[in-house]
Every structure is written in C-alpha cells, then in structure tokens.
Amino acid sequence: MNTEPDSVSEIESAALRDLGAAADAASLEDWRVSYLGRKGRLTLLLRSLPQLAMEERKVLGASGNALKQRLEDGYEQRREALERRRIDEVISDRIDVTLPGYPLPRGRLHPITQTTRDMLAVFAGMGFQTVEGPEVEWDHYNFEALRIPADHPARDMWDTLWIDYEVDGKRPMLLRTHTSPNQVRFMETHEPPIRIVVPGKCYRFEATDATHEWMLTQIEGLAVDKGISLTDLKGTLAEFARRLFGQDRRVTFRCSYFPFVEPGMEISIDCFICRGEGCRTCHYGGWIEILGAGMVHPEILANMGYDPGIYTGFAFGVGVERIALLRYGVDDIRHFYSNDLRFLRQF
Amino acid sequence: MRVPLRWLSEYVDLTVDTAELARRLTVAGAEVSEIVSTGSWAGVVIAHVEKVEPHPNADRLVLATVDIGGGEHPRVVCGAPNLRGGQKVAYAGVGASLIGGHDGEPFVLKAARIRGVESTGMICSEKELGLSDEHEGILVLPDQAPLGQPLGSIIGDTIIEVEVTANRPDWLSIVGIAREVAALTGERWRDPTLQYAEGKKSAAKMAKVEIADKDLCFRYIGGVIEGVKVGDSPAWLKDRLTAAGMRPINSVVDITNYVMLEMGQPLHAFDYEKVRGKQIIVRRARAGEKITLIDGSRHDLTENMLLICDGEGPTAVAGVMGGGESEVSAETTTVFLEAANFLGPSIRRTSQALKLRTDASTRFEKGLSRQLPAIAAARAIHLMAEICGGKPAQGIIDVFPGVEKDRRITVTMERLVKVIGLEVPNGEVRRILSSLGFTCRWLPPDRFIVKPPYWRTDVMIADDVIEEIARIYGYDQLPTSRLAGEIPDFVPQPERSLRERVRDAAADAGLQEIITYSMTDMEGLTRVLGPEEMALNPPLRLSNPLSRQFEFARTTLRHALLQTLAHNMRGSQERIGLFEVARVYLPREGDLPEERETLCAVVSGRASGRWGSPTGEQAGFYDAKMVLAYVLGALGVSADYRDSVDFAFLPGRTAEIRLGEDRVGSIGEVHPRVLSEFDIGQPAAMFELDIAALLPHVPEGVHHKPVSQYPAVEEDLAVIVSGDVRAGDVIGAIQSFPLVASARIFDVYTGEPVPVGRKSLAFAVSYQAADRTLGDAEVAKQRGRIVERLKRDFGAELRA
C-alpha cells in the first residue's frame, strides 16, 4: 500500500481533469466528495501536514491550501455552469400557454339564494335581523289575523293552495301565500322595538308564465317602535333600492291597498333598461314595481297588545324572484326553478 | 274596470292628456293597467251617399257615389246589402289603414278595379274599422254626422282599464273614477240627472216588500214603472255599454247595466206582471229549493244563500243573478226595479258556491254604500222614463232596516304627523279632503272632525283619512328619513345559521345548488321511500293542487335531486354534483307539519381527465362521502358511519351517518332499480343530512390547540385482517393511543400474497408528544401496543 501522500501537483492535474468531465449535478457532487470531502484526496493531504517536518509543512501547507481554494472556486463555477445549462434546457422545452389549466369543479349557489342573501345583507346593514316561519300555515296567520277574514274580497289577491287536513274542522291549513303571517307570529312573542326581515318560500294557486311562478320567495320586513312614520318607510326602502341596485336609482311610491297596512303603497324603481324612458321590460311605463308596503294597521298592533297610540310600525314584502329577474336581466321567471345547469352555471 | 273617456268626460272635464291622467290615477291607487284607443282612422271621413246604381257586370254589387266634402265625389264599388242612398257612411280613401273584412289582417287600401269598374276608396263595415266583428253590412252613421269630418270626431274612444283594489267599490263606476279625476286635476265633478215626473199611482200600493233576514239585507228599494216599451236601446247607450265591455240586450236591461257601470250600484229589473202576489220577500233559501237563472243555469240552493222571492218562491239570487221566470222581455210593459244593499261576505260566499261571479256580485261583495240604492234607483227610473217612455209610479218602496249613523272621524294633527312623518298644513288637509267629497271641520286647537262621503264605505278610522291626505298630497312629495330608534336585541338563529353554512360548504365542495318545487306527486315519493317510511310520514295532500304533479308536500328531497340529475345529463357522462337545502314536511297530529331543514346531494358521472373529459371512474360511494366529509369538516364535526339498509340505496353500499347517538343522515349508492325509474343510465351516489339533528353536535367556534414544538415521527403500519373488518374501526383504535397524533389509511389491498378472505390495510401513523421529542424506543413501545391491540380486537397480523 502506498503510504506516500499524493503530491499537490498530482492532485491538481487529476482534479482539474475530473472536474471538466463532471457533466451533471450528481457527478459534480461525486467529484467534490472525492477531492474536498471528509475523505477526499486533498483533505487527506492537508490532514497529514502535522506529521511533517516544520519546513516541509510550511511549503506543502501553503500550496495545498492554495489548491483547496482553487478547487473550491472551480467547483462553484462548474456548479453554476451546470445549473445554467439545466435551466436552458427547461426554457428550450416550450409549453403552450394557451392550453387551459386543469379544471377545478366550481360549486355555485342558486341565483335565488344569492339574491336572497344580498337582500338580507342590505337590511342587516340597517339593523334588520333575519328570522323565519313556517311555510305550511294556518288560515288564521295567513289571513284572519291580517284583517282578511273568510269571504273578504281581498282574498282574491292571494289565490291559495289548501292542505287537505282540518283540525277540529275550523282551522284550515294552507301553503302560505306570503311571508306576512310572520308579522303576527313575531309580534305575538316579542315586544317593540322590532326590526326583522323574514325570507321564505310562498305558494300561489296560479298558472305560471314568464312573470308568474306558483312557488316564489318573499322577504317580509317589519319595524315597530315609537316614532316610526311613513317617511321612515320611504327612507328605508329607498336606501334598500340604492344599496342593491346602485346609488343613482330613483324610487317612486304609489298608493295601494293591503288590508293589513294603512296607509298602503307600492314601490317602483326606474327601469334599468331604459332608465325611465319606457321600454318592453317596464311595459313602457318607465317604472318597475318591486314591492308592496305600508304602515302596520293600528288594529293589528292593538291585537298584539301594543298600544297603537304609542307604537307605530311599517311592513313590506318583496319578491326575490322579481329582484333577481331585474338584476340578472332574466326574461322568464320559470328559468329559476327548472334547474337547467346551463342556466344555473351562469351565476 | 273599463272606463271609456268619452263617457267619463260627461261627469268631469278632462284637462290633462291621457298618459298624465293614467299616471295620476295610478299613483293615487287606481292603477291604470292598459290604455286602448280606437278611432285614429287616418284617411276615413264621414260621407253622404248621393247615388246608388247597379254594377254593370255583377248583380250583387252596386256603384255608390259619395260626397266627402270639399267638392269631391268619389265612386266606389260596394256589396253591402244595407247600403241606401242618403245614408251617412264611413268612407275610406286610398291609403287608409283598415282591417280585412274576411281575414281580419290589417291592410292599406289601394285603388282597385272590381269586375271591370274602378273603385276609388271604400265604404267601411264595423269590422274593417276594427270596431267589431260585424261585416254583414256597412256601418251606418247618424244623419247629423258632420260631412267630410274625420270619422274619429264622432266615434271611437280611448278606454282606460283601471285595476280596482278590493277596498274601493266606488271606483267600479264611471262616476267614482270621475270624482277621483276631479280631485287629482282640481276640477269639479258633475252628478248625473236623477229627476223624473211621478205618476198618480202609488208604488207602495202596487207591491209589497219584506226583508226577512235583516242581517243579510240592509236596504231594499222597489220602484215601479208602467207603460214601458222594451226595445233596442239608443245608439249612444249601446255604444257606451259596448265600450265598457257589456253586451246590449234590451232597453230596460241596458238601463240597469248602464246605471251599474255609471254609479256602481247593481240593479235588477223584474217584469212586474210576473212577480207573483206582487210581493217581494228577501230571505235565506230553504233546504231543497232550486232556481233557474237568466243565463239558463239551474242551481240547488243552500240555507246560507240569500234569495229574492215573490209570493210563491225564489225569483232571484240576491246580489248575484236574476231568475229566468221574472225576466224582462219584449212583452214587458211594467217594470219592478230593485235597488238593494246586501252583506258583502254573504254575496261573495254565494257567488263562489254557485260559481257565478257577476258584475253585480263583484260589486256587492266589497260592501256598497247603503245610500247608493236610492240614488241609483232614481237614476234608472229617470232613464226608463226618458228612453222607454215609462211612467214612474208615485214614490218608491224603501225598506231600510240597516240605517247607519253618520260616520264622524276625529283626526288629530298629532296622529297625522305620527303616521306620515310630516305636518301637512291645515289648509292643505281641508283642500284635499273636500276635493274628495269629505266634509272636514277644524276643531281648534288640534283636530279635524271628518265626515266621509256616502260612497266611501272603506274609510272608518283616522288612519284611513290620513291615507287619503297622504295619497293626494303625493307619497313622492313626502320626505324620507332614517329609522332612528334603537336597534333591537340580537336574537340568535342557530339552525338558520347552520343551514347557511351547510349551503356554503356544499357549494365550496364543488356542488351546484338547485331549488326545486316543494310539492310533488305520489310517484316521486314512492320511488325513493320505502313503504315503512311512507307509512311513518304520510305526505300532506293539497285539496286543490295545480296539477297531479304537485299534489303532495314532499317528505324527502331525493326524487327532486334525481329528476334534476336526469334532466341535466343530456347524453354526456360529465361528472355532475347537485345539492338542495330545503324543508321537508312531516305531518303531526293536530298541528302544522314539522318542517325539517334537509340537505340532499347527488354525484354522478365519470371523473374528469386532465382537461375535463369524462374519462375517469364513475362516481360512487366514496365520491359522495368525500363531499359529505368536506361539508362536515367545514362544520367542525366528524361522523361515524354504520352499515345500514335503505329502500333507495344499494345494499352493502349504504351507511347511516351518526354523530354520537344521533342518526343525522344517510349515504349510499342509488339502487339501479331507482335510477332506471328516473331514466338515469349511470351510477349515482347520494347523501342526506338532517340539519336540526346536526345542530347540537356542531361546535360553536374553533378552539385553538397549541401546535407541538417537537418533531413528529412518521411511520407506515400495514396489517392483514379479515375482509369484514371495518377500516374505520381500525383507524379509531389506532387513534385512541395517546402518542398517535394522526392515522390515515393509504392503501387497501386484497390478492396475492394476502390470503383469500383477508385484506391488507396500510396506515400512515404520526407519533408526536406535546412536551418532548419522542425517542426511537418510545415510538417502538407504542407501536407494539397498537399491534397488540389490533391483534386482540380485530385479529390483525402485522404485514411483513
């Protein structure tokens, strides 16, 4: 076995030759280990120095350490060159950036869910909390308690789907025709101040067409407190229209009749399409009706045990599908519940 | 209510254009839904027929020379049998727009040769002018029609259609609309003439009236008019009825209809000679009574129906329709006129029961003024004298048990401000109320005493008066303000909040939300629910469903998901994931049904390849479970799954979802039998969650656990167990060890070299302690215990 250590020059010529031959990161690492590693040739040489005589140690130490520096520099340059070459190869392998990315299936909420939420959020911003009530309802809450007794002509405003089930022959059950029963339900169990919105499905015995569905979503609003007046109702609903449809929205109020409010009104916004000029969407009127409202009838407040001389309130009911038709420019209300994915995936 | 403007203008001057009139009425609550104009016949003028000569080449045609004024005398070919010399007719010149007499299509008139003779223009039929379908002959105009003037100057009209709300029966009359127009335009309205000359014979001696049921009939007026000649009504009257949408019948009946349209009070004319016993009794029907009405229909009457009877029996259904026997005919010479007032709800109930909604019943049901019968009776008698040459008897019979006290309503300024939020000036309040016919007296210091006019049966309380002030003042003129009071206490709605989180999670998991109808057919339910479930929750049925398809309140959402899936497959195998969150309706004895918020989801179709082509595996149990776990994970819960059996799902691929002791839902691959019933030709997997059952298990918020500062040791652990061992149980066992931070299954393997009937389960186990670095020996000890436990509980052997 050759115990004679390599000479510096021998190591240098072999190292430089091998470095030039290292063609990739792995062989370069092998090279580093074989010369500069813990058991590398140069490392062994330098480690043998203490055993040498002082004179020899000095000479060999200086040239050995100089070589170490050169090899380390050479390693670094070679590493960089190889890395550059590797990146150049990736760069030269161009991909087609116009190919689509791999699809990630996207779930969506139904446009009526989205619109309902947006509307509730607008009202939440004005202090209205969301509560809910039953869809299958007693005649009492849907009609009687709202001042619409049996055989009242106003019943024609709400064609009703009746449940074939009567309790003690007296309390007919129905699918609620509007969310207004919740006015009574909430007032029965709460004291003023009240500020609620009640979303939910309603049902009408009605033939369907482009603007009528037999199942619809309504949001009922109710505010009862001391000092609430018609101007508050106007302010609240005008603010609702602006927040939902834009700041430059114009709102108009006209007299209407609902037995559970007095005074009663209907609210329209200026037509989106024609901005009030008159077009097909607004039936050439320039205005589109979006909701019915009014001051809660004092008789209803009194029935709830509130003193109508002290408390006043307003109520409103707005059809969500109507709002969705307008904001999305949908031309037929029946699209919403036909659940065609080609329609639903647009929202 | 159809309101012809020519007629309306008899009672009020129309000082604004029609569009503005319609706008003001609409804003005030009388919504104008349609404006129809007839009478813009360009190029059609009033002509005088000067000469009628035979056509040289056709027996049925004639040549008419007409004078159209301005020295023009065109000659036209005409085939109308009623054409005579000297008539005034409607002449259309070349270029006029008309309606085809045969095909009903619009056309522009051109000069033409008819059987060899040049025809310059045309004499028009009603159909050609779009007035009616009459095409047998030409339209003959009154002799005094002004020659050469546009036809539109004497006929044609604009009709506004007013949607009358249930509280305003007074608006179901031309006079009522005229009053509103007057208030809205600052004009005065004119009341119709009521005067007539009475004869010597006393009405009271000619007939007797008795109201037996005073709770249903508040007033009954009988008038007697002798010497009536029943015939065709004059043209003006027929035109007005036609314009308002009614068909002329004979002069007496037309007058009763005319006064109803004019004043809003339905009237009925009997042939006095056919009123048996010359007596009228207003009473409830008796069991077994029947009646044949004017329209020929025969009805069995029930005891809550109010009748008009004569000395021998029923002669009319009160407020709904008259009977055939006492009907006015051409032979009638003496008329007994009825003007009455009935209880609205009773009339409505009767008309609904008989399925007869008449112009009379729709007015009576809304509650008419008890003053109105006297005024309307006078008006009708006036017209019968004028038009039919009738001789009114002296006086009328007026039985009036329901006399009311005048309504006096106190409206304080304080209330006005409280309700509408604005102090309308005192003078303005009085101006508005008097323009509507109210009398209004200011009682200092702070209130008005208001008396509504007789026709305003809807105004009962101060707030009703305040609405009148507000609507005429103009809602749009009122300021806006913001709610000023305190915001009420927050009321948590945990189930609603959870339901919305479930919705979000399901959509985040890549599913499309759908909303389907709450009603379904029995078939939809029985396809997805077994007989026991159907028996447990028999669905509520509608008594008047829109169609058989929507007859039952659904007790599940499954059928809706499968129907929607089927509709959306369109021959593609694309992976579709759908969900719905909605209520199901579970009947309860003696109460409203329980409305249970439910999530149902379905996945079907092949997994997509790199760019979405459906090339991968068909959706199965684990695809549905992936979504389910995502949803539950988003809520912070993890469920246990137990093998179960479900009518709609494949045995062996069905599980119930449990949280603790509660069953919160089910999951499974849909049974091929069910799929084929929905026409779905590929596998589908489905799950349902009961949101209320989930609620108690959902943590209220996230509670942070400190992250361990010490490294975890990751190891794989593979065991061979019997094929029927449930992986979930094994994972549960591994996770129960204190040093196990997590255990995840990464492989299930059967086949060589694993013995038949057994399987290999491979887990990635992570060991970690919160307070120290685990040494090799400690991990090995824990692993040994785990293996021991798996051996004991599951017969597991460590896989080499």
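**Notebook: a look through chains A and B**

I began with Met384(B), and I found that, once residues up to four places away in sequence are not counted, Met384(B) touches Ile225(B), Val228(B), Val252(B), Ile255(B), Val335(B) and Gly390(B). For this entry and the later ones, I take two residues to be in contact if their C-beta atoms, placed from the backbone, lie within 7 Å.

I note at once that this is a predicted model, in which local features need pLDDT of at least 70 and side-chain atom pairs count only at pLDDT 80 or more, while totals for chains, interfaces and linings use all residues. Residues are numbered from 1 along each chain as its sequence is written, and chains are lettered from A and ligands numbered from 1 in the order in which they are written.

**Confidence**

I looked up the scores and read ipTM 0.86 and pTM 0.86 for the model. The pLDDT, which is the predictor's confidence in each residue from 0 to 100, averages 94 in chain B, where 100% of the residues score at least 70.

**Cores**

I went back to Met384(B), because it is named with Ala601(B) as having the most contacts inside the largest nonpolar core, a set of 254 residues. Helix 9 (residues 372-388) of chain B supplies the largest share of this core, with 12 residues. I also found a second, separate core of 27 residues, and Trp41(B), Val45(B), Leu129(B) and Leu131(B) are among them. A nonpolar core here is a set of buried Ala, Val, Leu, Ile, Met, Phe, Trp, Tyr and Cys residues joined through C-beta atoms within 7 Å. A residue is buried if 20 or more other C-beta atoms lie within 10 Å of its own, exposed if 12 or fewer, and partly exposed in between, with C-beta atoms placed from the backbone. The helices (H or I, at least four residues) and strands (E, at least two) that I name are DSSP runs, numbered from the N terminus.

**Ala339(B) and Asn339(A)**

I next asked whether Ala339(B) is buried or exposed. Ala339(B) is buried, since 28 other C-beta atoms lie within 10 Å, and it is found in strand 23 (residues 335-342) of chain B. Leaving aside its neighbours within four places in sequence, I listed its contacts as Ile221(B), Gln265(B), Leu267(B), Pro373(B), Ala376(B) and Ala377(B). Ile221(B) stands 118 residues away along the chain, yet the C-alpha atoms of Ala339(B) and Ile221(B) are separated by 5.1 Å.

Position 339 of chain A holds Asn339(A), which is found in the loop between helix 11 (335-338) and helix 12 (341-344) of chain A. Asn339(A) is buried, with 24 other C-beta atoms within 10 Å, and its phi is near 55 degrees, a positive value in a residue other than glycine.

**Further backbone entries**

I kept in mind that most residues other than glycine have a negative phi, and that most peptide bonds are trans. Asp151(A) also has a positive phi, near 65 degrees; Asp151(A) lies in the loop between helix 6 (139-142) and strand 3 (162-167) of chain A and is partly exposed, with 16 other C-beta atoms within 10 Å.

I found a cis peptide bond joining Glu262(A) and Pro263(A), with omega about -5 degrees, and I placed Pro263(A) in strand 8 (residues 261-270) of chain A. In chain B, the bond from Pro444(B) to Pro445(B) is cis as well, with omega near 10 degrees, and Pro445(B) sits in the loop between strand 27 (439-443) and strand 28 (447-451).

**Strands of chain B**

I traced an open sheet of 5 strands in the order 14-17-20-21-22, with mixed pairing, where two strands pair if DSSP finds at least two bridges between them. Its edge strands, each pairing on one side only, are strand 14 (208-211) and strand 22 (321-322). Strand 20 (residues 306-309) and strand 21 (residues 314-317) run antiparallel and are joined by 3 bridges, and I noted Ala316(B) as the bridge partner of Ile308(B).

Elsewhere, strand 36 and strand 37 of chain B form a hairpin with 5 residues between them.

**Where the chains touch**

I closed with the contact, which takes 75 residues from chain B and 72 residues from chain A. Helix 12 (residues 462-473) of chain B gives the most to the side of chain B that touches chain A, with 6 residues.
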